[in-house]
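This report covers confidence, sheet architecture and one pocket. The structure is shown first.

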Amino acid sequence: MQTTIMIIDDHQLYREGLRHILNGDDDLQVVHVTTLSDSIIAEYEEYKPQIVFVDGNSEKNTLLNEMLIYMSDKEETQVALLSDFVTNQEIAAAIQKGVVGFLLKDMDSQEFIAAVKELSNDNAYIHPKISKRLLLLLSKSSNDSISLGSLSASDVQYPLHILTHRECEVLQLLAAGKNNRDIGVDLYISEKTVKNHVSSILKKLDVADRTQAVLKGIRNNWVGIS
């Protein structure tokens with residue numbers, strides 16, 4: 001079965017080019033391309049795609065925010081931002097609204113298709129250039145004006161149905177932006193043991209890297225980051 005896709009971008013040449021690229025893959029089908037407008041929610045409801053790509057650089061901020069808020073309750077759809085450049089504030093706001101993908105517009109076609117297929121498997125996809133900044137943002141969130149959430153460590157609900165208590169502690173420290181060595185110091189365990197815990201977390205959460213694990217933790221209120 002093909003993965004259905006909706007593209008929302010204000011630049012006709014880009015959205016039509018992207019449609020051509022994605023429709024060239026047998027597993028993907030672009031069912032609708034459009035611009036960000038007052039009718040965007042109605043258009044989404046008409047097609048109900050599995051993935052929605054939104055122009056993250058759109059100047060229509062009010063419409064963009066309204067759509068992301070509306071889409072945050074649509075568990076059947078993965079929402080991803082397309083961007084030339086994304087600021088820390090935009091990353092933070094998008095995560096709070098349930099965005100699970102951050103793709104750059106200058107990605108080559110094969111890299112882009114691979115990212116789409118990650119999203120189609122209900123995984124998050126964050127371009128490496130953005131994931132590094134996201135981890136840095138997480139590590140500074142308690143001191144900066146940028147906020148990724150309001151939960152403190154005492155308010156979170158550990159996913160003990162998925163992870164062990166120790167793995168939950170490691171995930172919390174990953175969300176604080178700490179590396180394996182620092183986590184080992186905090187938990188009084190070896191760096192090798194931390195590495196094993198991280199590998200186990202990635203496998204159990206079905207994610208590719210620690211950034212995606214943290215993002216999944218944020219979305220499910222499994223980690224505190226305030």
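In this predicted model, pLDDT (the predictor's confidence in each residue, from 0 to 100) stays under 50 over residues 142–147, which nevertheless have 8 contacts (heavy atoms within 4.5 Å) beyond four places in sequence. The two stretches with such values are tabulated here.

| Residues | pLDDT | Contacts beyond four places in sequence |
|---|---|---|
| 142–147 | under 50 | 8 contacts |
| 150–154 | under 50 | 11 contacts |

The mean pLDDT of the protein is 84, with 88% of its residues at 70 or more. Local features need pLDDT of at least 70 and side-chain atom pairs 80 or more, while totals for chains, interfaces and linings use all residues. Residues are numbered from 1 along each chain as its sequence is written, and side-chain values use heavy atoms, without hydrogens and water.

Helices (H or I, at least four residues) and strands (E, at least two) are DSSP runs, numbered from the N terminus. Six strands form an open sheet with parallel pairing (at least two DSSP bridges between two strands) in the order β2-β1-β3-β4-β5-β6. Its edges are β2 (28–34) and β6 (125–126), each paired on one side only. Helix α2 (residues 40–47) packs on this sheet against β1 (3–8), β2 and β3 (51–55), at about 155 degrees to β2. Angles run from 0 to 180 degrees between N-to-C directions, with axes fitted to C-alpha atoms, for helices over the stretch in contact. Helix α3 lies across β1, β3 and β4, at about 160 degrees to β3. Between β4 (residues 78–83) and β5 (residues 101–104) there are 4 bridges, and Ala 80 is opposite Gly 101 in β5.

Both α3 (61–71) and α4 (88–96) supply at least two lining residues of the second largest pocket. Among the lining residues are Asn 61, Leu 64, Gln 89 and Glu 90.

Technical notes
On a 1 Å grid over the protein atoms alone, a cavity is a set of points where a 1.4 Å probe fits but cannot get out, and a pocket is an open set with protein on both sides within 12 Å along at least five of seven lines; lining residues have an atom within 4 Å of a point.
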